[in-house]
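Here are my notes on this model, set out as numbered points. I begin with a single residue and move outward from there.

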Amino acid sequence: MYKLYYKLFLFLALVLIFHDKNIGQSEYELLEKIKQSNSIDKAVTYNLLAKKVLKSNTSKSIEYANKALTNSNGNIKIETNAYLNIGKAEIELKNYEASNTALKIALKNYSANNLIQGQAYCNLLIGRNYRKLNDNIAAARYFIKSYQLYDKGKKYESAGFAAHDLLELYGDLKEIDNAEKWYKLAKENYK
């Protein structure tokens, strides 16, 4: 039995070593690319880096997203991605209010450009943050908006995520009729 655990541990250690090495090389290559890029290309690359290191180095992710903002030259798409990256990083750090601040800017930009999927995704993340902050009324409002947008965009599986979050919220609040409604909608959308 000891040998089995040892082999499993050794295997996992090797996977982590090589996985981190690959992340480091890719990050290094992207940083080298930045040195030779114009401002907009730098901003795009910083956003890629922010997304890439989100789970492994959350503080660095925020740093990269802020550098994307600095280099964006007012490009709304780049700025929106940067705010989305900041919002997601702040979630990882459990800074839900800071996350909502960034996500609401991204949401505003998505709304101004009528990008339904981006609006729906931001509404979903903001709703989840409000849920973590125990503001169930705000959470429900954002989840419902997310559901409506996903449904309008015919992204039914994603609509199912919002319906599922509403099911959990209303179930926790013991609002059985609402929980049943969202259960049915979640089930329909996951098919």
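1. In this predicted model, Asn-129 has a relative accessibility of 2% and therefore counts as buried, the cut-off for that class being under 20%. Asn-129 belongs to helix H6, and when residues up to four places away in sequence are set aside, the residues it touches are Ile-91, Tyr-96, Ser-99, Asn-100 and Leu-103.

2. As for the overall setting, the protein has nine helices and zero strands, so that reading along the sequence gives the pattern α-α-α-α-α-α-α-α-α. Of the 191 residues in the protein, 39% are buried. If one takes the contacts between residues at least 6 apart in sequence, 52% of them join residues at least 24 apart.

3. How are H6 and H7 arranged with respect to each other? Two packed helices are described by the angle between their axes and by the distance between those axes. For H6 and H7 the angle is about 160 degrees, and the axes lie 8 Å apart. Because angles over 145 degrees count as roughly antiparallel, H6 is roughly antiparallel to H7. The crossing in which H6 passes H7 is left-handed.

4. The contact between these two helices involves, on the H6 side, residues including Ile-116, Ala-120, Tyr-121, Leu-124, Gly-127 and Arg-131, and on the H7 side residues including Asn-136, Ala-139, Tyr-142, Phe-143, Leu-149 and Lys-152. Sorted by class, the residues of the contact of H6 with H7 comprise 12 nonpolar, six polar and four charged.

5. In soluble globular proteins, nonpolar side chains tend to be buried together. Here the largest nonpolar core has 29 residues, of which Tyr-147, Tyr-170 and Trp-182 touch the most other members. Two or more residues each are given to this core by helix H5 (96-112), helix H6 (116-132), helix H7 (136-152), helix H8 (156-172) and helix H9 (176-190), and H7 gives the most, with eight residues.

6. Which residues does Tyr-170 contact once its neighbours within four places in sequence are left aside? Tyr-170 is then in contact with Ala-140, Ile-144, Glu-175, Asn-178, Ala-179 and Trp-182, the last of these being itself named among the core members that touch the most others. A second core, separate from the largest one, has 11 residues, among them Ala-65, Ala-82, Ile-86 and Ala-102.

Terms used:
Residues are numbered from 1 along each chain as its sequence is written. This is a predicted model: local features need pLDDT of at least 70, side-chain atom pairs count only at pLDDT 80 or more; totals for chains, interfaces and linings use all residues. Side-chain values use heavy atoms; hydrogens and water are left out. A nonpolar core is a set of buried Ala, Val, Leu, Ile, Met, Phe, Trp, Tyr and Cys residues joined through side-chain atoms within 4.5 Å. Buried means under 20% relative accessible area, exposed over 50%, partly exposed in between (1.4 Å probe, protein chains only). Helices (H or I, at least four residues) and strands (E, at least two) are DSSP runs, numbered from the N terminus. Contact means heavy atoms within 4.5 Å. Axes are lines fitted to C-alpha atoms, for helices over the stretch in contact, and angles run from 0 to 180 degrees between N-to-C directions. Angles under 35 degrees count as roughly parallel, over 145 as roughly antiparallel, 65 to 115 as roughly perpendicular and the rest as oblique. A crossing is left-handed if the near helix is turned anticlockwise from the far one by less than a right angle, and right-handed if clockwise. Ala, Val, Leu, Ile, Met, Phe, Trp, Tyr, Cys and Pro count as nonpolar, Asp, Glu, Lys and Arg as charged, and the others, Gly among them, as polar.
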